[in-house]
Amino acid sequence: MAAVLLRRALRVEAAERVVLCGSAGALRGFSQQHLPAVMTRCPWTRTPAAAASVRHYSSELKDDLRVRYLDGADQGIVVIGLNRPKAKNAISKNLVKLMFDAVEDIKKNNKVRSVIFCSLVPGIFCAGADLKERAKMHQSEVGPFVSKARALITELGNLPVPTIAAIDGAALGGGLEMALACDIRIASDTAKMGLVETKLAIIPGAGGTQRLPRIVGVSFAKELIFAARVVDGTEALRVGLVSQAVEQNKSGDAAYLQALELAREINPQGPIAVRMAKLAINQGTEVDLSTGLAIEEACYAQVIPTKDRLEGLAAFREKRIPQFKGE
């Protein structure tokens, strides 16, 4: 069983495609409206060597999502920024499509070490489903759209590299479900989080009823969902919904900056080892301990023949920093 689970999960690592844009024109993909609030505060934009690489979009619809492949010292970190200011980053058909495309690119690129999901809209992470768009849908369209959104969030959870949700504002409904699919959640103390679907006489439809109990426990998850309760970052840390809650700063990006620091901690570690550790944890926590240990053994077997493992031993012996290549 463990071998089957491992083979299934490893399919996402079968191909490689590097998608990088030249840093010289990196800022052209961002509107002047958001440069002061978002780009100028980011540490990697302060020097040419650390400039952010940007996937350029030509239309307003494609501007709903900004994907940055960082370079310089931060190469390997991908930042996915939600950018629908007028809709509070609500999840629309177009946003789902763009996120699917971004996830597919990341899955095919074995140079990626970690992914940060954040917002380019101050005070908002994601307000959930785009209810204005939903109201215009025929009843027959709603089910398929929800299924596609659920599939997207499942794909986020299945990314082979560590994923970090930087929650600097409100993460409600589908927005919180998106964050729940990430490996790690970091929030500002002023962020607001909740699965509030019962206010609309529906239930969380993109994994919230399953992921939230696994994170905060069944009883408290029921309390939050039944009452459509919203908690702030401090309370979210207390109940284990987030792993860190940081004091919000004047720029409104404290959680993002903390997520970036965490990604920088992950970056120098053995990339194959990190991927296998994620796989072992994710698969192992869904089965009994005996099967989980077999999954761990199977994942460990994947790192034994790697050049990175030999490099790690050599660096330890020579008392130097290892240079891992993901091989």
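Which residue stands opposite A171 in β9? The views below take this up along with two other spots. This is a predicted model, in which local features need pLDDT of at least 70 and side-chain atom pairs count only at pLDDT 80 or more, while totals for chains, interfaces and linings use all residues. Residues are numbered from 1 along each chain as its sequence is written, and side-chain values use heavy atoms, with hydrogens and water left out.

**View 1. Strands β7 and β9 pair in the parallel sense.** Here is the partner: A171 stands opposite M193 in β9. Two bridges join β7 (residues 170-172) to β9 (residues 192-194); pairing requires that DSSP finds at least two bridges between two strands. Strands here are DSSP E runs of at least two residues, and helices are H or I runs of at least four, numbered from the N terminus.

**View 2. An open sheet has the order β5-β7-β9-β10.** Its four strands show mixed pairing. Because β5 (124-126) and β10 (231-232) each have a single partner strand at the edges, one side of each is left without a neighbour in the sheet.

**View 3. D253 sits in the loop between β11 (244-246) and α10 (254-266).** D253 counts as buried because its relative accessibility is 1%; buried means under 20% relative accessible area, exposed over 50% and partly exposed in between, with a 1.4 Å probe and protein chains only. Have a look at I167 too: D253 and I167 are 86 residues apart in sequence, and their C-alpha atoms are 8.7 Å apart in space.
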